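Hi there,

Here is the structure I promised to pass on. Have a look at it first, and then read on for what turned up.

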Amino acid sequence: QKTKLVRVLGFILFVGIVFYIVQDPSWTSFGTEFKGDSQASHKTYKFKAEVEEKQYKTFPIWNTDGYLGLSLPAALRRKLVDTWLENRGKRRQETEDPRYIHYDTSLPDIEDIKNNGQHLVYVYDLPQLHRELTGEISEWVKGQIEKWSGLHDIERTAIYGIREYTDGAVLENHVDRWDTHVISAIVHVGSITPKGDWPLSVYNRNTNPVNVSGIGGPDVILYESATLVHGRPTAFRGEAYANIFFHFRPSNWKTLVEAIPNFSP
C-alpha cells in the first residue's frame, strides 16, 4: 500500500510540475523553439529546461530585455581585428568540451563539412598573449555593463576567446553558469566568407525569441548571461565566425545568492 501511495503522489507531483511549466508563456515559447533545434537538443531538453527555468526564476534580473547591442570604439575594433587576422595561424583546436556546440547534422553537405579537414571550434588565447589589448577592451566593457545594469561594483571572473566557429556550427540555446557568468558581453571580432547572417537568439523576456543580428549589427552584445536563454540555433555557413567573451558578477554575488530562500546549486 505504501508503494502504491508513493507512486500516486509522485505522479501527481510530476503532473503539477509539467502543468506549471506549460502555463508559463515564456517557457512554453522557449520549449517549442528549443526542441526544434536538433536531435541533440531533444536529448538534453528536459535537463536544460529545468536548469534554465530555475536560474531565470531564482536570480536577480536587472534589465527587462536582458540584453543590449553596442558598438566597440573604432580604435579598439581596429586593434582587435588586426590582432586576430595576424595571429589566426596560431589558433588551436578547442579541446575543452563545448557543451552546447555541435554540427547541424541536417545540412545536406554535412559529411563534406566534417571531412574538409576543419575542426568544429578553434580558439586563440587573446587574454594570455595580448594582455594590454584584452585589458583595454575589458575595461570598456565593464564600464558599459555598469552603465546599462545600474551595478557599480562588479568584478571580472573570466575572459574566453577568441573563439572561432566554423562551417555548420550550431550553438544550442542555454544559460551560462550561475556562479561566475552572471552578466556578460559577447564581442564579435569578425567573420570570414559568411554566407548570410548568424544572429544571436535571446529568450525569456518576451513570449517570442528576438534575433540580434550577428553580421552587420551591433558588434558587442551585453546580456544577463545567467538568466537570459541565448544561442545561435541555426547553422553558421562560412569559413569562420569569431567572438570573445567577457564575464562578470556583482562583487557581493556570494552574499546575494546565500540570501535567496531555499536556493541549492
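**Rings and charges**

The charged end of R232 is placed over the ring of W198, 5.3 Å from the ring's centre. Please keep in mind that this is a predicted model. A second arginine does something similar: R91 lies over the face of Y122, with 3.8 Å to the ring centre.

W198 also has an aromatic partner, Y165. Counting by ring centres, there are seven aromatic pairs. In the pair of Y165 and W198 the centres are 5.1 Å apart and the planes meet at 70°, so this pair is edge-to-face. Y165 belongs to strand β5 (residues 154-165), while W198 sits in the loop between β7 (183-192) and β8 (200-202), so the pair ties together parts that lie 33 residues apart in sequence. Y165 and W198 are both buried. Elsewhere, F59, W62, W178 and W253 are linked into a cluster by ring pairs.

**The sheet and its helices**

If you colour by strand, you can follow an open sheet of seven strands with antiparallel pairing, in the order β1-β10-β7-β12-β5-β4-β2. Its edge strands are β1 (67-70) and β2 (92-93), each of which pairs on one side only. At the β1 edge, four bridges join β1 to β10 (residues 220-223), and these two strands run antiparallel.

L68 is a good residue to click on here. It is found in β1, and its bridge partner in β10 is L222. The C-alpha atoms of L68 and L222 are separated by 5.1 Å, although the two residues are 154 apart along the chain. Is L68 buried, partly exposed or exposed? Its relative accessibility is 30%, so L68 counts as partly exposed. Leaving aside neighbours within four places in sequence, L68 is in contact with W148, V220, I221 and L222.

Two helices are worth finding next. Helix α7 (residues 131-149) lies across β1, β5, β7, β10 and β12, running at about 60° to β12. Helix α4 (residues 74-86) also packs on the sheet, where it touches β5, β7 and β12 (240-250), and its direction makes about 60° with that of β7.

**Two nonpolar cores**

As background, nonpolar side chains tend to be buried together in soluble globular proteins. Here the largest nonpolar core has 28 residues, and the ones touching the most other members are I137, V141, V187 and F246. Which elements give two or more residues to this core? They are α4, α7, β5, β7, β10 and β12. Helix α7 supplies the largest share, six residues.

V141 shows how this looks from a single residue: apart from neighbours within four places in sequence, it is in contact with A185, V187, F246 and F248. There is also a second, separate core of 24 residues, with I101, V202, I221 and L228 among its members.

**Two backbone details**

Most residues other than glycine have a negative phi, and most peptide bonds are trans. Against that background, two places may catch your eye. The peptide bond from G161 to I162 is cis, with omega near 20°, and I162 is in strand β5. T193 is not a glycine, yet has a positive phi of about 45°; T193 lies in the loop between β7 and β8.

Happy browsing, and do write back with any questions.

Best wishes

Technical notes
Residues numbered from 1 in each chain as written. Predicted model: local features only at pLDDT ≥ 70, side-chain atom pairs only at ≥ 80, totals over all residues. Heavy atoms only, no water. Phe/Tyr/Trp six-rings, centres within 6.5 Å; stacked < 30°, edge-to-face > 60°. Buried < 20%, exposed > 50% of the residue type's maximum accessible area, 1.4 Å probe, protein only. Lys NZ or Arg CZ within 6 Å of the ring centre and 35° of its normal. Pairing = 2+ DSSP bridges. Contact = heavy atoms within 4.5 Å. Axes fitted to C-alpha atoms, helices over the stretch in contact; angles between N-to-C directions. Core = buried A, V, L, I, M, F, W, Y, C linked by side-chain atoms within 4.5 Å.
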